[in-house]
Amino acid sequence: MGRQYRFINDVPGITGSQAALKYVLDNPMIAAAVFGTVSMEHLEENVKAADLVIPGKVLEKIKQQDSM
């Protein structure tokens with residue numbers, strides 16, 4: 001299942017983890033996003049996801065994969 005979302009790793013200026021986390025944060029059906037990390041670097045990267053914008057074409061592709 002995860003392979004169909006690999007394209008989010010190729011979005012310029014945003015990591016795959018950030019894109020996934022931002023998608024969850026923007027979903028009104030999800031009350032909380034829980035994530036784990038083992039380093040301060042990853043924590044800082046995850047926190048930055050809240051301020052990012054997923055490009056429209058990428059968001060549409062994610063939604064398209066969700067409906068399959």
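The overall fold, surface and nonpolar core of a predicted model are described below.

The chain contains 3 helices and 0 strands, and the order of elements along the sequence is α-α-α. Along the principal axes, the C-alpha atoms occupy a box of roughly 35 × 25 × 25 Å. The radius of gyration of the chain is 12 Å; because a compact globule of 68 residues would be expected to show a value near 11 Å, the two figures agree. Of the contacts between residues at least 6 apart in sequence, 67% connect residues at least 24 apart.

The accessible surface of the chain amounts to about 5200 Å², and carbon and sulfur atoms contribute 57% of this area. Buried residues make up 24% of the 68 residues in the chain. The chain carries 7 positive and 8 negative charges, and the mean positions of these two sets are separated by 8 Å.

In soluble globular proteins, nonpolar side chains tend to be buried together. In the present model, the largest nonpolar core comprises 9 residues. Its members are Y5, F7, I8, V11, I14 and A19, together with I54, V58 and I62. The surroundings of I14, one of these core residues, were examined further. When neighbours within four places in sequence are set aside, I14 is in contact with I8, A19 and L52. Of these partners, I8 and A19 are listed in the largest nonpolar core.

Key:
Residues numbered from 1 in each chain as written. Predicted model: local features only at pLDDT ≥ 70, side-chain atom pairs only at ≥ 80, totals over all residues. Heavy atoms only, no water. Helix = DSSP H or I, 4+ residues; strand = E, 2+ residues; numbered from the N terminus. Rg over C-alpha atoms; globule rule 2.2 N^0.38 Å. Buried < 20%, exposed > 50% of the residue type's maximum accessible area, 1.4 Å probe, protein only. Contact = heavy atoms within 4.5 Å. Areas by Shrake-Rupley, 256 points an atom, 1.4 Å probe, with all protein chains shown as cover. Lys, Arg positive; Asp, Glu negative; His and termini not counted. Charge placed at Lys NZ, Arg CZ, Asp CG, Glu CD. Core = buried A, V, L, I, M, F, W, Y, C linked by side-chain atoms within 4.5 Å.
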